[in-house]
Amino acid sequence: MLPARHRLRERTDFTSAVRGSGAVRAGGRLIVVHANRADARVDSPPRVGFVVSKAVGNAVVRNRTRRRLRAATTSRLTGIPHGVDVVVRANPASARAGWDELDASLATQLESAVRKLEQRTRAAGPATSRTTSPDGRAATGPAG
């Protein structure tokens with residue numbers, strides 16, 4: 001079971017993880033993993049959401065697929081950096097995949113998305129913070 005503090009629940013959070021600025025994607029035949037770092041949540045634990053559409057199958061198949069993805073993700077939470085939101089989207093082929101195949105695909109795509117996100121974060125350069133100079137004017141400098 002995925003702990004409540006690690007769940008994405010709001011539509012805006014899903015949209016931000018999938019389409020927000022700085023979002024990355026890693027996809028394969030079975031699943032697509034979207035990841036995005038939320039600046040406001042830097043010290044918060046990672047959150048994960050799942051999208052399993054009707055194209056995957058009927059309700060029984062969709063729920064089975066979602067349960068498998070949730071179980072596979074729970075064991076990999078420690079590999080996701082703090083402040084990152086992840087959305088795992090199941091492709092129709094995931095309905096016919098076995099547990100091992102789905103687990104291996106998730107591991108590969110999740111690692112790839114996190115690596116891309118880390119590279120994008122490093123490429124953006126060091127973070128800056130707004131501070132106030134002694135004379136009261138706003139000054140921007142390296143975070144720290």
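Two strands pair if DSSP finds at least two bridges between them. The exercises below use a predicted model.

**Exercise 1.** Over how many bridges do strands E2 and E4 pair, and in which sense?

*Solution.* Take the residue ranges to begin with. E2 covers residues 31-37 and E4 covers residues 84-90. The two strands pair over seven bridges, in the antiparallel sense. Now pick one position: Asn36 stands opposite Asp85 in E4.

**Exercise 2.** Work out the order of the strands in the sheet, and find which strands stand at the edges.

*Solution.* Read across the sheet. The order is E1-E2-E4-E3. The sheet is open, has four strands, and its pairing is mixed. Next, look at the ends of that order. E1 (24-27) and E3 (47-52) each have a single partner strand, so one side of each lacks a neighbour in the sheet. Finally, add the twist. From one strand to the next, it averages 15°.

**Exercise 3.** Which strands does helix H1 touch, and which does helix H3 lie across?

*Solution.* Begin with H1, residues 11-19. This helix packs on the sheet and touches E2, E3 and E4. Its direction makes about 100° with that of E2. Move on to H3, residues 99-123. H3 lies across E1, E2 and E4. It runs at about 30° to E2.

**Exercise 4.** Describe how helices H2 and H3 cross, and name the residues in contact.

*Solution.* Two packed helices are described by the angle between their axes and the distance between the axes. Here the axes of H2 (residues 59-74) and H3 come within 10 Å. They cross at roughly 55°. That angle makes H2 oblique to H3. The crossing is right-handed. Now list the contact. H2 supplies Thr65, Arg68, Leu69, Ala71, Ala72 and Thr73. H3 supplies Trp99, Leu102, Asp103 and Leu106. Sort these residues by kind: six are nonpolar, two polar and two charged.

**Exercise 5.** Where does pLDDT stay under 50, and what is the mean for the chain?

*Solution.* Take the whole chain to start. Its mean pLDDT is 86, and 86% of its residues reach 70 or more. Then find the weak stretch. Over residues 128-144, pLDDT stays under 50. For these residues the model has 19 contacts beyond four places in sequence.

Key. Residues numbered from 1 in each chain as written. Predicted model: local features only at pLDDT ≥ 70, side-chain atom pairs only at ≥ 80, totals over all residues. Heavy atoms only, no water. pLDDT = per-residue confidence, 0-100. Contact = heavy atoms within 4.5 Å. Axes fitted to C-alpha atoms, helices over the stretch in contact; angles between N-to-C directions. Parallel < 35°, antiparallel > 145°, perpendicular 65-115°, else oblique. Left-handed = near helix turned anticlockwise from the far one by under 90°. Nonpolar A, V, L, I, M, F, W, Y, C, P; charged D, E, K, R; others polar.
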